Amino acid sequence: MKIKSAEFVISNTKLDLCPAPNMPEYAFIGRSNVGKSSLINYLTNNKKLSKISQTPGKTQLINHFLINDNWYLVDLPGYGYAKTSQKNRLKWQGFISEYILTRENLLNLFVLIDSRLPPQKIDLDFMEWLGEKQVPFAIVFTKIDKVSSSVLNKNLLHYKKEMLKYWATMPPSFTSSSESKIGGEKILNYIEEINSTWN
Ligand code: GTP
Ligand code: MG
């Protein structure tokens, strides 16, 4: 799928102020600084669409972007950044869990994971929570320009091993680099496939 148009629609913390749920929607989530906003800009080929920063915690709101006039891409704030207790981490900002659990047109969540790191508890816990809540998701391993292919393969295998302790099968997963523009097409084709199930 090619992206022909991408427009910012609205930012907010309130579910009832999000656009009407009448088109397929996909959201990007993951630890602060993992590259959610960068991936949105790469996919839409627009460096200025979503704000990027080297400082974690840049995205603070639910940001809706309308793509090709017929589906939404949503940039969410990251987790694991706010100075909060372990217990509070998964509950980080009620509006995000409310969004994830109740947004009726959210067809798939993309959980972004830094490909440079070994499996992190906070990401594994978050995906287990998605599993408990039966929220469909896929993984995107980001920043692959920053690792050698041998380290990448080692980390991916390690991830798979950890995931299979909880999951019967691996969720769909992708690798990407917004910097080197790698992996976007597969993500967009996956979205296109899911879009075709929307009626
Ligand atoms: P929050 O909004 O704070 O949750 O962060 P985010 O996940 O939206 O991350 P963001 O896109 O703002 O990127 C964080 C930093 O990582 C920025 O300095 C980006 O330039 C850098 N970055 C993002 N993606 C890539 C990538 O694929 N490769 C490299 N080398 N750097 C990247
Ligand atoms: Mg961001």
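This report describes the surroundings of ligand 1 and one aromatic pair.

The model is predicted, so local features need pLDDT of at least 70 and side-chain atom pairs pLDDT 80 or more, while totals for chains, interfaces and linings use all residues. Residues are numbered from 1 along each chain as written, chains are lettered from A and ligands numbered from 1 in written order, and side-chain values use heavy atoms, without hydrogens and water.

Around ligand 1 there are 22 residues, of which K36, S38, G57, T59 and D145 come nearest; a residue is near if one of its heavy atoms lies within 4 Å. By class, this shell has three nonpolar, 12 polar (Gly among them) and seven charged (Asp, Glu, Lys and Arg) residues.

The table lists polar contacts (pairs of N or O atoms within 3.5 Å) of ligand 1.

| Ligand 1 atom | Protein partner | Distance |
|---|---|---|
| oxygen | N33, polar backbone atom | 2.9 Å |
| oxygen | K143, side-chain N or O atom | 3.0 Å |
| oxygen | S178, backbone N or O atom | 2.8 Å |

The protein covers 90% of the 650 Å² of accessible area that ligand 1 has on its own (Shrake-Rupley method, 1.4 Å probe).

The whole structure holds 12 aromatic pairs (ring centres within 6.5 Å). The ring centres of F137 and W167 are 5.4 Å apart and their planes stand at 70°, so this pair is edge-to-face (over 60 degrees).

Terms used
A polar contact is a pair of N or O atoms within 3.5 Å; within protein, one must be able to donate a hydrogen and the other to accept it, and residues adjacent in sequence count only if both atoms are side-chain atoms. Rings of Phe, Tyr and Trp (its six-membered ring) pair if their centres lie within 6.5 Å; planes under 30 degrees apart count as stacked, over 60 as edge-to-face and the rest as tilted.
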